[in-house]
Amino acid sequence: MATVLSRALKLPGKKSPDLGEYDPLTQADSDESEDDLVLDLQQKNGGVKNGKSALGEAPEPDSDAEVAGAAKPHVSEGPTEGYPSEPLGGLEQKTTSSIVSYVRTSVFLLTLVISMVLVLVCAFLIPCPPRDLHSTWSRHLGPQGGGDLSPLQLADVNGDGLRDVLLSFVTSRNGSAVGVSRPPAVLVCLSGMNGSTLWSSPLPEEARDITCLNLMPGSVAGTICLVTGMHKMFSAFNATSGKAIWTLNPNYLSNGTLAAPGVVLPDVDEDGVRDLVVLAVGDSQPDVCFLLVSGRTGSPVGRPVKYNIVGEGNLIGPQVYITANGAVYILFGFGNIQAVALRDIFVQAQNRDSSPPSLQIEEPEWEKRRSINLSELIDIYSDGVELLQMVKAPDSNCSNLLITTGQALVLLRGQNLTPHWTLSLQGLHSQPTPGYFTDDQTLDFLLQLQDGVGMKKMMVVDGDSGSVIWNYTAPCHLKRTPTTSAVTSDQKSVFLFWAEGLPAAPSNSDVILGTEPPSLHHLYLLHPEFPSILLDLANATGTVTAAEVGINDLWKDAFYVTRTTGPSSKGHPAPLVVSKLSLRWALMEGQMVQLKETTPKIGRGELRRFLSRIKFVDSPLQV
């Protein structure tokens with residue numbers, strides 16, 4: 001711009017140091033180029049519109065004055081030569097851009113503040129899932145006044161995701177105040193979190209069994225607990241409140257007493273709730289009576305149905321068996337196993353010829369075994385039966401029958417009732433515990449057999465072949481102790497059993513003697529990956545009468561609940577103690593017991609690393 005001004009202000013005829021000598025022709029060309037440059041600058045700054053410049057001034061007719069007038073504004077407002085000129089609307093664009101940036105920043109900050117407030121609200125107002133902080137607890141329920149049975153059941157009654165403990169016991173008369181009557185028995189629910197009492201309900205008699213379930217599968221109906229008494233009591237309790245929902249009128253059992261726990265059936269009266277059946281035994285053993293009970297009201301569904309059976313020995317069942325085709329049978333017997341179709345019981349109870357369509361299905365292989373004289377009874381097995389279990393069949397929607405006799409353990413195929421395998425053994429008086437020991441996803445079984453005075457043989461039987469795949473003899477003066485199992489996330493099972501104290505190092509002798517007094521018993525865990533090692537998890541001085549394993553789904557943990565009767569002193573009843581033990585915690589704290597030397601030797605660090613990765617899952621074994 002300075003060059004243009006200098007050229008425009010030069011006087012004619014004067015020499016310029018840049019152009020050398022004065023030349024009129026050169027001066028003329030220079031004047032024309034300067035005029036073009038000035039016009040070009042004027043056009044870039046708005047040009048001339050309607051005879052006026054961009055500044056609103058009328059051009060002078062004299063060309064020299066025009067050049068000077070046009071160049072004058074550029075001294076103060078024109079841009080420097082070599083840079084583009086800025087439009088007059090630039091200030092408005094800068095203002096708009098600043099507003100947009102301000103709005104964006106404000107929106108971002110506002111969103112950030114709202115997000116932080118929401119996070120804080122969620123953190124303080126929404127309760128976190130309750131964590132099982134109490135890995136172990138023990139609850140003393142005081143002295144119990146006798147009783148031969150020890151019912152124990154686990155169920156989540158308060159909706160905290162952790163199963164609670166339900167049990168019943170006979171109350172002690174010694175602890176009652178003068179003039180205050182106490183119920184013969186009581187049903188108690190303890191919190192699975194800390195062992196506190198959630199509720200308790202009096203019972204008119206000692207309970208034989210407690211079963212908690214939902215009689216309306218797939219609905220939002222709450223869990224109920226069915227309690228079967230030793231004589232005539234059969235009631236349903238609300239698992240959340242402990243209030244009785246209904247009680248079967250004992251007058252319907254006037255000719256007998258309840259011989260076994262009530263059994264859940266399909267919905268036979270078509271009211272949307274599963275129904276039940278109870279078995280009553282008369283004064284003479286051959287007379288047995290089935291009574292169908294409504295699951296909704298507790299009223300009988302028809303009249304009692306009686307059968308005369310022949311047999312000697314332990315009462316078997318009743319148990320419900322549903323075949324692959326959907327046929328429903330009731331298994332029962334005395335020292336033997338017989339079956340009766342639910343259809344036949346329903347028809348006699350209702351005193352009519354028809355039955356619901358769901359009960360009209362038959363299983364041909366079972367129907368072939370109907371007795372000729374007693375057409376309604378089907379003979380299943382008759383050789384000194386002591387125990388009967390339903391075992392989930394692999395790759396099938398039906399179950400097999402695991403039968404314990406005085407001489408053998410027999411597995412019958414449920415489809416055609418033919419033997420799958422038979423294992424000859426003696427001294428088996430307790431129910432086999434199912435679990436996964438091998439990798440074939442077939443249920444195996446942990447057995448405990450009496451093996452001489454004060455000794456017990458623990459044995460694992462392959463569920464596919466019936467062969468013994470693990471065994472060990474341990475000292476134990478108790479004839480029967482509970483055995484349980486828990487399934488891990490890799491579809492293996494850990495097996496738990498009780499025995500007296502074992503030495504930490506393997507012994508060269510075949511006979512393992514107890515290292516502590518017989519009154520102290522230890523809880524041992526067996527894992528299939530380390531069959532030469534047992535883990536000593538806990539010990540108890542009393543008699544463990546019942547045990548159950550529950551799963552904490554949230555923390556992938558299992559907990560072991562025991563019902564223990566402590567040692568009684570002279571003239572005083574034995575105290576009742578309920579305890580809970582977290583298995584994952586106990587695995588880390590347990591003591592390793594080496595059963596035999598292995599090559600290579602298993603180190604404590606290797607075992608701990610393996611145990612720390614164990615996760616337990618809820619996988620019903622359908623037994």
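Is Cys212 buried or exposed at 14% relative accessibility? Cys212 counts as buried, because the cut-off for buried is under 20% relative accessible area. The legends below refer to a predicted model.

**Figure 1. The disulfide between Cys212 and Cys225.** The structure holds one disulfide. The bond joins Cys212 to Cys225, with 2.3 Å between their sulfur atoms. Cys212 belongs to strand E6 (residues 207-213) and Cys225 to strand E7, so the pair ties together parts that are 13 residues apart in sequence. The disulfide is right-handed, because the torsion about the S-S bond of Cys212 and Cys225 is about 95°.

**Figure 2. The surroundings of Cys225 in strand E7.** Strand E7 covers residues 224-229. Cys225 has 0% relative accessibility and therefore counts as buried. When neighbours within four places in sequence are set aside, the residues in contact with Cys225 are Leu166, Thr211, Cys212, Ser235, Ala236, Phe237 and Ala239. Leu215 lies ten residues from Cys225 in sequence, and the C-alpha to C-alpha separation of Cys225 and Leu215 is 10.0 Å.

**Figure 3. Cys189 and Cys398.** For Cys189, the closest cysteine sulfur is that of Cys225. The two sulfur atoms are 7.4 Å apart, too far for a bond, because a disulfide needs sulfur atoms within 2.5 Å. Cys189 counts as buried, at 0% relative accessibility. Cys398 is buried as well, its relative accessible area being 6%.

**Figure 4. The largest nonpolar core.** This core has 27 residues. Leu496, Leu537, Tyr560, Leu587 and Phe616 have the most contacts inside the core. At least two core residues come from each of these strands: E28 (493-500), E29 (521-526), E30 (533-540), E31 (543-552) and E32 (557-565). Helix H7 (583-589) and helix H8 (604-612) likewise each supply at least two. In soluble globular proteins, nonpolar side chains tend to be buried together.

**Figure 5. Contacts of Leu587, and another core.** Residues up to four places away in sequence are not counted in this view. Leu587 touches Leu525, Leu535 and Leu537, and also Leu611, Ile614 and Phe616. Apart from the largest nonpolar core lies another core, of 25 residues. Val288, Tyr307, Phe332 and Ala349 are among the residues of that other core.

Notes. Residues are numbered from 1 along each chain as its sequence is written. This is a predicted model: local features need pLDDT of at least 70, side-chain atom pairs count only at pLDDT 80 or more; totals for chains, interfaces and linings use all residues. Side-chain values use heavy atoms; hydrogens and water are left out. Helices (H or I, at least four residues) and strands (E, at least two) are DSSP runs, numbered from the N terminus. Buried means under 20% relative accessible area, exposed over 50%, partly exposed in between (1.4 Å probe, protein chains only). Contact means heavy atoms within 4.5 Å. A nonpolar core is a set of buried Ala, Val, Leu, Ile, Met, Phe, Trp, Tyr and Cys residues joined through side-chain atoms within 4.5 Å.
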